[in-house]
Amino acid sequence: MIFDEIKKGMSDAAQVINSNFLKITSETGDTGWLDLPLKTNFSAGTSKPQYRKIGNRVEVRGQLIRASDAKGLFCTLPAGFRTSSSYIQGFVQGQQTSGSGASALVYVKPNGDLEVVSTTNDTAVWLDGIYFYID
């Protein structure tokens with residue numbers, strides 16, 4: 001990050017300080033929670049599937065309902081929210097069930113795709129705990 005120089009006696013020092021502050025905020029800012037753009041066969045549960053970026057970290061949360069035990073691509077994150085990793089990142093996530101040990105494997109891909117790869121049963125998948133870095 002490159003800051004504008006502030007010099008003694010500047011007439012627009014306040015403007016330069018504000019500009020530098022905005023640069024810091026844009027680098028470390030929080031987008032707030034945004035709804036995931038879900039694909040066909042996937043919908044929001046009681047806790048909406050959402051994502052956010054804080055600085056260079058992206059987090060995902062919510063309950064993903066799957067129609068007819070659907071697997072596969074459930075959303076594509078927009079540019080600026082995609083992992084910087086050149087490989088697929090896998091996350092083992094809990095499923096909503098009264099049974100013990102039910103889990104799903106969720107992939108996060110460099111092109112922004114989030115995908116349910118496998119599941120223990122046909123229940124919803126919790127997305128809380130998925131996070132990755134974009135730098």
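This talk goes through the nonpolar core, one sheet, the aromatic and charge-over-ring contacts, and a few single residues of the structure above. Keep in mind that the model is predicted.

I start with the core. The largest nonpolar core has 21 residues, and the members that touch the most others are Leu36, Phe74 and Leu127. Five strands each put in at least two residues: E4 (57-61), E6 (72-76), E8 (103-108), E9 (113-119) and E11 (130-133). Of the strands, E8 gives the most, with three residues. As a general remark, nonpolar side chains in soluble globular proteins tend to be buried together.

Take Leu127 from that list. What does Leu127 touch, once residues up to four places away in sequence are not counted? Its contacts are Leu36, Pro49, Val60, Arg61, Gly62, Leu64, Phe74 and Gln93. Both Leu36 and Phe74 are on that list, and these two were named with Leu127 as the members touching the most others.

Leu64, another contact of Leu127, lies in strand E5, residues 63-66. Its relative accessibility is 0%, so Leu64 counts as buried. With neighbours within four places left aside, Leu64 is in contact with Leu38, Phe42, Ser43, Pro49, Phe74, Val116, Ala124, Val125 and Leu127. For one of these, Leu38, there is also a backbone distance: the C-alpha atoms of Leu64 and Leu38 are separated by 9.1 Å, with their positions 26 residues apart along the chain.

Now the sheet. Four strands form an open sheet in the order E6-E9-E8-E7, and the pairing is antiparallel. Which strands stand at the edges? They are E6 and E7 (89-94); each has a single partner strand, so one side of each is left without a neighbour in the sheet. On average, neighbouring strands here are turned by 30 degrees against each other, direction ignored.

At one end of the order, E6 and E9 are joined in the antiparallel sense over four bridges. Within that pairing, Cys75 has Leu114 in E9 as its bridge partner. At the other end, E7 and E8 run antiparallel and are joined by six bridges. There, Gln93 stands opposite Ala104 in E8.

Stay with E7 for a moment. In a regular strand, side chains alternate between the two faces of the sheet. Along E7, Gln89, Phe91 and Gln93 point to one face and are buried, while Gly90, Val92 and Gly94 point to the other and are not. Gln89 deserves a number: it has 16% relative accessibility, and the cut-off for buried is under 20%, so Gln89 counts as buried. Apart from residues up to four places away in sequence, Gln89 touches Thr83, Val106, Tyr107, Val108 and Phe132.

Next, the aromatic residues. How many aromatic pairs does a search of the whole structure find? It finds three, and I will show two.

The pair of Phe42 and Phe74 is tilted, at 5.9 Å centre to centre and 50 degrees between the planes. It links distant parts of the chain, with Phe42 in strand E2 (residues 42-44) and Phe74 in strand E6, 32 residues apart. Are these two residues buried or exposed? Phe42 and Phe74 are both buried.

The second pair I show is Tyr51 with Phe81. The ring centres are 5.0 Å apart and the planes stand at 90 degrees, so this pair is edge-to-face. Here too distant parts of the chain are linked: Tyr51 is in strand E3 (residues 50-54), and Phe81 is in the loop between E6 and E7, 30 residues apart. Tyr51 is buried, as is Phe81.

Last, two arginines that sit over rings. The charged end of Arg61 is over the ring of Trp33, 3.9 Å from its centre. Arg57 lies over the face of Tyr131, at 3.8 Å from the ring centre.

Arg57 is in strand E4. Its relative accessible area is 25%, so Arg57 is partly exposed. Leaving aside neighbours within four places in sequence, its contacts are Arg52, Tyr131, Phe132 and Tyr133. Between Arg57 and Asp135 the C-alpha distance is 8.4 Å, for residues 78 apart in sequence.

That covers the points I had.

How values were computed. Residues numbered from 1 in each chain as written. Predicted model: local features only at pLDDT ≥ 70, side-chain atom pairs only at ≥ 80, totals over all residues. Heavy atoms only, no water. Core = buried A, V, L, I, M, F, W, Y, C linked by side-chain atoms within 4.5 Å. Buried < 20%, exposed > 50% of the residue type's maximum accessible area, 1.4 Å probe, protein only. Contact = heavy atoms within 4.5 Å. Pairing = 2+ DSSP bridges. Axes fitted to C-alpha atoms, helices over the stretch in contact; angles between N-to-C directions. Phe/Tyr/Trp six-rings, centres within 6.5 Å; stacked < 30°, edge-to-face > 60°. Lys NZ or Arg CZ within 6 Å of the ring centre and 35° of its normal.
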